[in-house]
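User: Please take a close look at one part of this predicted model, the strands and the way they are joined, and describe it in one connected account.

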Amino acid sequence: MLRFGLFGTGHWAAQTHGAGLDAHPRAELVGVWGRHPDRAAALAARHGVPAFDDVDALLDACDAVAVALPPDVQAEIAVRAATAGRHLLLDKPLTLGLADADRVVAAVQAAGVASVVFFTQRFHPNVNGFLAATAAAGGWQHARATQFASIYQPGSPYGDSRWRREQGALWDIGPHALSIVVPVLGRVTRVAALDGPGGMVHLLLTHDGGATSALSLTLDAPPAAVTRDFAFYGENGVESVPPGDGNALTAFGTAVDQLLAEIDSGGRDHRCDVRFGREVVAVLAAAETARTEARAVDLHR
């Protein structure tokens, strides 16, 4: 059994991370830490574990951390956890800036711990299988990704999320789109961006080898326009990415499985580790610059 400390108390932490750890046969949830002690106590009580008011005390009690916190808060927890020798199951985006992402990667590499970043779609087996087969087929010239979400309608558990309101669709659902497009078309080398109505953002990306992709994202779509549509275009025609054949909870269970496999094997090369998380942050940061300065931005590695 791998002992997990849960960092976070919001909807995603409770309904996905906490529930997923509690249900997993090889994971043991040993405690909860949150920025709101009352919420931490309530979530911990639900699972019959203690609530911690000190980060280091929970790190001392666990072997791995599951983090469901705003990205800037996650960055600090991840560095402290890795430095303490704890394995990492993090959420996306990894951080809100490249300097913090580099700090997390450096801490993970220095400690030699395993890391997985929970890009949800990548942990649906049918989606991951589709991406692997599509990448192997090759010959792709372009991809289109349209992801229109609506989180500000009554009843949404994310409507009051301050970091989502401040950072918008680029940082919240941009990582989802990039996690689908990059494995097939390759690393992003150039980014252009344009804002649209209602918090919409459009990205035009150039990838290694010259392929392009166009991403359109919003968190404030009219309810009737909510959609998720990904397709690749190339020598083999058009291939559309299927929806995941599970839900967020089953995907999280797969992420735990894969973190355990990394630990068991001694491997430190997971396809969605903190290095890939950092790669995604680099694209998002470049897109912010492209939006602000109205110019295309080249990514330097």
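Analyst: Strand β2, residues 27-33, is a good place to begin: six of its seven residues are buried, so this strand is largely enclosed by the rest of the structure. As the model is a predicted one, what follows describes computed geometry.

The pairing of β2 can be followed to either of two partners. With strand β1, residues 2-7, β2 runs parallel, and six bridges join the two; within this pairing, L6 has V32 of β2 as its bridge partner. The connection between these strands passes over helix α1, residues 11-23, and β1, α1 and β2 together form a β-α-β unit that is right-handed. With strand β3, residues 51-52, β2 is again parallel, here through two bridges, and W33 is found opposite F52 of β3. To get from β2 to β3 the chain passes through helix α2, residues 37-47, in a β-α-β crossover that is likewise right-handed.

Returning to β1, one finds that this strand also pairs with β4 (residues 64-67), in the parallel sense and over four bridges. L6 is a useful reference point here, since its bridge partner in β4 is A66, while its bridge partner in β2 is V32; β1 is thus joined by bridges to β2 and to β4.

Strand β4 can be described face by face. In a regular strand the side chains alternate between the two faces of the sheet. In β4, A64 and A66 lie on one side and V65 and V67 on the other, and all four are buried, which leaves both faces of the strand covered. The residue A66, which pairs with L6, therefore belongs to the side that also holds A64.

From β4 the pairing continues to strand β5, residues 87-91, in the parallel sense and over three bridges, with V65 standing opposite L88 of β5. The chain makes its way from β4 to β5 through helix α4, residues 71-83, and this β-α-β crossover is right-handed.

Taken pair by pair, then, the bridges link β3 to β2, β2 to β1, β1 to β4 and β4 to β5, with each of these pairings parallel. Right-handed connections are found from β1 to β2 over α1, from β2 to β3 through α2, and from β4 to β5 through α4.

Conventions:
Residues numbered from 1 in each chain as written. Predicted model: local features only at pLDDT ≥ 70, side-chain atom pairs only at ≥ 80, totals over all residues. Heavy atoms only, no water. Buried < 20%, exposed > 50% of the residue type's maximum accessible area, 1.4 Å probe, protein only. Pairing = 2+ DSSP bridges. Right-handed = clockwise from strand over helix to strand, strands pointing away.
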